[in-house]
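Please look through the structure below with an eye to its cysteines, its nonpolar packing and its strand pairing, which the following paragraphs take up in turn.

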Amino acid sequence: MGASLSNLTEGSNGTAMGPGLGDIPESCVACVFTYLTPPEICNLARLNRAFRGAASSDSVWEMKLPSNYQDLLDLVPPERYQNLSKKDIFALLSRPVPFDDGNKGCFWGAFGVREGLGGGYEVWLDRVTGRVCMAISAKGMAITGIDDRRYWNWVSTEESRFHTVAYLQQIWWFEVDGVVKFPLPADIYTLSFRLHLGRFSKRLGRRVSSFEHTHGWDIKPVTFELSTCDGQLASCEHYLDDTEQDYDNGNHKRGCWIDYKVGEFIVNDSEPVTEVRFSVKQIDCTHSKGGLCVDSVFIIPTDLKERKRKGMLK
Amino acid sequence: MGSTSTKIKLRTSDQKVFEVEKAVAVQSQTIKYIYENGCPDSVIHVHSVSGDILSKILDYCKKHVNSAAGKEDISPEELYEWDANFVKVDQNTLFDLILAANCLKIESLLDLTCQTVANMIKGKRPEEIRTTFNIKNDYTIEAEEAVRRENKWAFDMLGGVGTMVIEELADDTMSKCVTNAKSRVCVIAANQIVMMRSISKLANKKSIDVYKQPQNPTTPRIKESVKQINVGTGFIELFFHFKCKM
């Protein structure tokens with residue numbers, strides 16, 4: 001039957017209490033934990049010592065980890081996760097884990113973090129649901145004309161998790177392509193581009209946006225696309241800037257980071273490895289466009305984006 | 001006489017005897033095992049369960065058997081509601097049900113009752129959980145602080161650099177987000193609030209402006225005011241009240 005967290009309930013006035021939370025067997029406590037999120041379980045560790053033990057048990061945390069968590073651990077040098085409890089492994093993987101997809105193939109594996117070209121891929125577990133999320137920096141994408149400083153510049157900023165964004169001054173052929181290959185666990189994922197119209201800076205402690213280069217995005221929409229190696233496709237079009245008619249309410253697309261949802265794709269299994277290609281383009285060369293920051297692409301389970309606080313862990 | 005009218009006798013810890021249909025009784029894997037492997041005519045003893053609790057459990061089993069067999073015209077939503085009412089009991093009864101469901105191996109009932117307990121835990125601070133369940137705190141202040149720090153990683157709300165995700169925000173509700181005290185906060189909510197302020201400035205303000213950014217970028221942003229700011233150790237609680245419909 002297993003031990004119970006007994007002797008932990010105190011009655012008032014010495015009355016005989018019925019069973020309480022401290023008296024149910026470990027297997028039942030584990031059952032309760034399946035309905036709690038990792039932060040809630042960590043919260044219980046503060047109740048008392050016995051709960052701390054129960055809240056640290058490997059069997060509880062094994063269930064919170066994705067089934068293929070070893071694939072994520074492979075991105076980390078082995079010495080960092082040897083001898084770690086499952087809870088500590090969850091904690092480790094809930095911080096962004098960089099991985100190097102390489103530009104041409106997949107370099108995930110037991111090699112640890114690699115310096116070099118590309119880079120700018122991160123994967124992590126959502127703390128609340130344990131689902132795998134991913135971010136790909138503009139640095140890891142193929143941007144047409146990125147090497148020409150008349151068109152593009154790299155800007156350091158703390159507003160990006162990668163600390164760098166690509167700023168487009170002006171160009172006719174706007175194209176950003178990316179690809180990622182990773183053993184994502186089975187789920188439905190949403191892919192989105194994080195873009196910012198205008199450039200931003202800090203002046204006297206206040207954030208200021210400037211739109212000196214921003215033009216052309218109200219003439220034609222940009223096309224977002226994604227495709228997977230198993231044939232799933234999604235695409236959509238958005239005007240990145242408001243046209244003059246929309247100005248009545250003020251221009252709402254400028255000066256803030258916007259996540260443009262490209263679409264969703266389904267992963268049925270972590271094997272075979274998922275490969276996703278994504279792009280954003282505006283290649284109508286009859287008009288030039290510019291004044292845009294490209295930060296990153298996010299691949300996040302769709303449920304997370306629309307999560308309601310129901311407390312059910314799926 | 002068909003097998004559906006076979007009855008099984010159950011005797012509880014307080015010597016009460018219940019006669020129930022076999023289909024209902026074998027919802028319990030324990031009873032099923034005993035019945036199939038022991039002598040089906042004698043009474044089955046359920047030592048650890050009292051009459052009151054067994055009575056409730058048999059109600060549960062009967063309801064679920066009847067609904068599954070189509071004997072009762074009840075929709076899944078109605079059954080769900082019935083279950084929700086079933087667990088509206090005092091704590092003692094609830095834990096008795098958990099112990100009994102565990103002992104009798106009635107998986108769906110164990111899930112239901114454990115989920116109920118989980119719901120009583122959610123959203124509460126440790127002190128509140130202790131009060132709710134009468135749990136004794138055996139930590140020293142230093143020890144508790146050490147445990148808090150050890151688990152801090154679970155509460156570092158970083159969705160990205162300086163961003164955090166708020167779980168649930170519905171219109172017309174007071175919603176709360178807790179953010180860690182980094183030097184800069186950019187809050188992007190599940191239904192799209194964008195706010196960038198430095199924490200030190202937040203701490204001195206009575207109210208700040210928050211912009212609700214719609215998922216569809218073509219919809220205008222809506223400005224809302226944060227009604228209340230509480231600064232605690234290492235976190236700031238912000239209370240939002242949304243009036244506008246998206």
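**Cysteines, core and strands**

C103(B) is partly exposed, with a relative accessible area of 25%, where buried means under 20%, exposed over 50% and partly exposed in between, for a 1.4 Å probe and protein chains only. This is a predicted model, in which local features need pLDDT of at least 70 and side-chain atom pairs count only at pLDDT 80 or more, while totals for chains, interfaces and linings use all residues. Side-chain values use heavy atoms, leaving out hydrogens and water, residues are numbered from 1 along each chain as its sequence is written, and chains are lettered from A and ligands numbered from 1 in the order in which they are written.

The sulfur of C103(B) lies 10 Å from the closest cysteine sulfur, that of C28(A), which is too far for a bond; a disulfide is a pair of cysteine sulfur atoms within 2.5 Å, and a search of the whole structure finds zero over all chains. C133(A), at 3% relative accessibility, counts as buried.

The largest nonpolar core (buried Ala, Val, Leu, Ile, Met, Phe, Trp, Tyr and Cys residues joined through side-chain atoms within 4.5 Å) has 122 residues, and those with the most contacts inside it include L191(A) and F193(A). A second, separate core of seven residues includes W124(A) and F298(A).

Strand β8 of chain A (residues 187-197), a DSSP run of E with at least two residues, numbered from the N terminus, has ten of its eleven residues buried. Ten bridges join β8(A) to the antiparallel β13(A), pairing being called when DSSP finds at least two bridges, and L191(A) stands opposite G263(A) in that strand.

Methods:
Helices (H or I, at least four residues) and strands (E, at least two) are DSSP runs, numbered from the N terminus.
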